[in-house]
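Work through the exercises below with the sequence and the coordinates open. Each task is followed by a solution in steps.

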Amino acid sequence: MQALTADVISRTAFGSNFEEGRQIFELIRKQAQLLNQVVQYVYIPGWRFLPTAMNKELQHNYNQMQELIKGIISKREEALRVGKARNDDLLSLLIESNYKTIKEKEIGMSIQEVIEECKLFYIAGQDTTSVLLLWTMVLLSTHPNWQERAREEVIQVFGKRKPTFDDLHQLKIVTQILNEVLRLYPPAAVLIRSNKKETKIGDIFLPPGTTISMPIILLHRDPTYWGDDALEFKPDRFAQGISKASKNNDKVVAFFPFSWGPRICIGQNFALMEAKLALAMILQNFSFQLSPSYIHAPAERFLLYPQHGAHLILNKIII
């Protein structure tokens, strides 16, 4: 799943330069793995400035990543100046938009800010989608009736031909399943936010700079909003859409796997589209079940991963 979503996001972000993008994203993955090790240690002030093997590797990866992205950006900026720019990938759109803004208003994003946007797009769009697909296959393995219902819908809509974007809106059952997976296993189990100005929430006043933790997974599983079957996998609770899936939905937002409000994830539609396409093609070609070696142990490592991996047995469907 990680290989699939990494390839998709590489092509989306860098277009014809997706091979270079893949190198960059591999460096980002290494950084995330190293940082995950760092947070396991007891915090020691100034530790990150010490010339340890881990700190040296973190700095080396960072420098290499910066140079790769700067090189790609420089090529795109030069192509834009001579009128040979492409606009079929994220980086081209960012650079072109930024170029016009600077030209018209004399303000815009720095190269470093463009780099950070590309890195964020990858981190937010690659791992989250792969984790969503992974938990979806795990849950459909333990609920074969829903797997079969989803497959029947996919075959009815697409037959054996490749799924197309225009037909995705017809996948009602698949959409219900993905939403229920996002409810039970949101890729980001907790959201962290910081307010810039004094904020009042109910009777509580929060001074500027307060760090606020929003435990998505707890609210998604709260019987107050989801009923006594809150811990059960029941995709049909989303049969009438997200707005009517939970109780008191007119007063409380109880489902926000991609955050909510003005800071909602900009890649939400992209991630769901990719997940639908991938799942549809898997259902077309394979039935799947959990391997006897599978151990159910969700663990939070920035995102909600299966601690011991997700071992599945796939059987080719022959029609």
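**Exercise 1. Helix α10**

Which residues of α10 are buried?

Solution. The model is a predicted one, and that applies to every exercise here.

Step 1. Locate the helix: α10 covers residues 268-285. It has 18 residues and reaches 26 Å from its first C-alpha to its last, close to the 26 Å expected at 1.5 Å a residue.

Step 2. Apply the cut-off: a residue is buried when its relative accessible area is under 20%. In α10 this gives F270, A271, L272, E274, A275, K276, A278, L279, A280, I282, L283 and Q284.

Step 3. Take one of them as a check. Q284 has a relative accessible area of 4%, so it is buried.

Step 4. List what surrounds this side of α10. With its neighbours within four places in sequence left aside, Q284 is in contact with V154, I155, F158, G159, K160, R161, P163 and I317.

**Exercise 2. Helix α1 and its partner**

Describe α1, find which side of it is buried, and state how it packs against α10.

Solution.

Step 1. α1 is formed by residues 2-14, and its 13 residues reach 18 Å between the first and last C-alpha, close to the 18 Å expected at 1.5 Å a residue.

Step 2. Its buried residues are T5, A6, I9, S10, A13 and F14. They lie on the same side of α1, because they cover an arc of only 135° around the axis.

Step 3. Look just past the helix end. G15 follows α1 and has a positive phi, near 55°.

Step 4. Two packed helices are described by the angle between their axes and the distance between the axes. For α1 and α10 the axes come within 12 Å and cross at roughly 130°. The two helices are therefore oblique to each other, and their crossing is right-handed.

Step 5. Name the residues that meet. L4, T5, V8, I9 and T12 are on the α1 side, and F270, E274 and A278 are on the α10 side. T5 and I9 are also among the buried residues of α1, while F270, E274 and A278 are among those of α10.

**Exercise 3. Helix α7 between two partners**

How many residues of α7 are buried, and which helix residues does α7 meet in α10 and in α6?

Solution.

Step 1. α7 (residues 172-184) has 13 residues and reaches 19 Å from its first C-alpha to its last, close to the 18 Å expected at 1.5 Å a residue.

Step 2. Of these 13 residues, 11 are buried, so α7 is largely enclosed by the rest of the structure. The buried residues are I173, V174, Q176, I177, L178, N179, E180, V181, L182, R183 and L184.

Step 3. Against α10, the axes come within 11 Å and cross at roughly 120°. The pair is therefore oblique, with a right-handed crossing. V174, T175, L178 and L182 of α7 make the contact with L272, A275, K276 and L279 of α10.

Step 4. Against α6 (residues 144-158), the angle is about 140° and the axes are 8 Å apart. That makes α6 oblique to α7. Here W146, R149, A150, E153 and V154 of α6 meet K172, I173, V174, Q176 and I177 of α7.

Step 5. Compare the lists. V174 is named in the contact with α10 and also in the contact with α6. V154 of α6 is also listed among the contacts of Q284.

**Exercise 4. I24 and M65**

Is I24 buried or exposed, and what is it in contact with beyond its neighbours within four places in sequence?

Solution.

Step 1. I24 is in helix α2 (residues 18-38). Its relative accessible area is 0%, so I24 is buried.

Step 2. Beyond those neighbours, I24 is in contact with F14, M65, L68, I69 and I72. F14 is one of the buried residues of α1.

Step 3. M65 is in helix α3 (residues 53-81) and is buried too, at 3% relative accessible area.

Step 4. Set sequence separation against C-alpha distance. I24 and N61 are 37 residues apart along the chain and 9.3 Å apart in space. M65 and I115 are 50 residues apart in sequence, with 9.4 Å between their C-alpha atoms.

**Exercise 5. An unusual phi**

What is the phi of S259, and where is S259 found?

Solution.

Step 1. Most residues other than glycine have a negative phi. S259 has a positive value, near 75°.

Step 2. S259 is in the loop between α9 (223-226) and α10. At 8% relative accessibility, this residue counts as buried.

Definitions and conventions. Residues are numbered from 1 along each chain as its sequence is written. This is a predicted model: local features need pLDDT of at least 70, side-chain atom pairs count only at pLDDT 80 or more; totals for chains, interfaces and linings use all residues. Side-chain values use heavy atoms; hydrogens and water are left out. Helices (H or I, at least four residues) and strands (E, at least two) are DSSP runs, numbered from the N terminus. The expected span of a helix is 1.5 Å times one less than its number of residues. Buried means under 20% relative accessible area, exposed over 50%, partly exposed in between (1.4 Å probe, protein chains only). The arc is that of the directions from the helix axis to the C-beta atoms. Axes are lines fitted to C-alpha atoms, for helices over the stretch in contact, and angles run from 0 to 180 degrees between N-to-C directions. Angles under 35 degrees count as roughly parallel, over 145 as roughly antiparallel, 65 to 115 as roughly perpendicular and the rest as oblique. A crossing is left-handed if the near helix is turned anticlockwise from the far one by less than a right angle, and right-handed if clockwise. Contact means heavy atoms within 4.5 Å.
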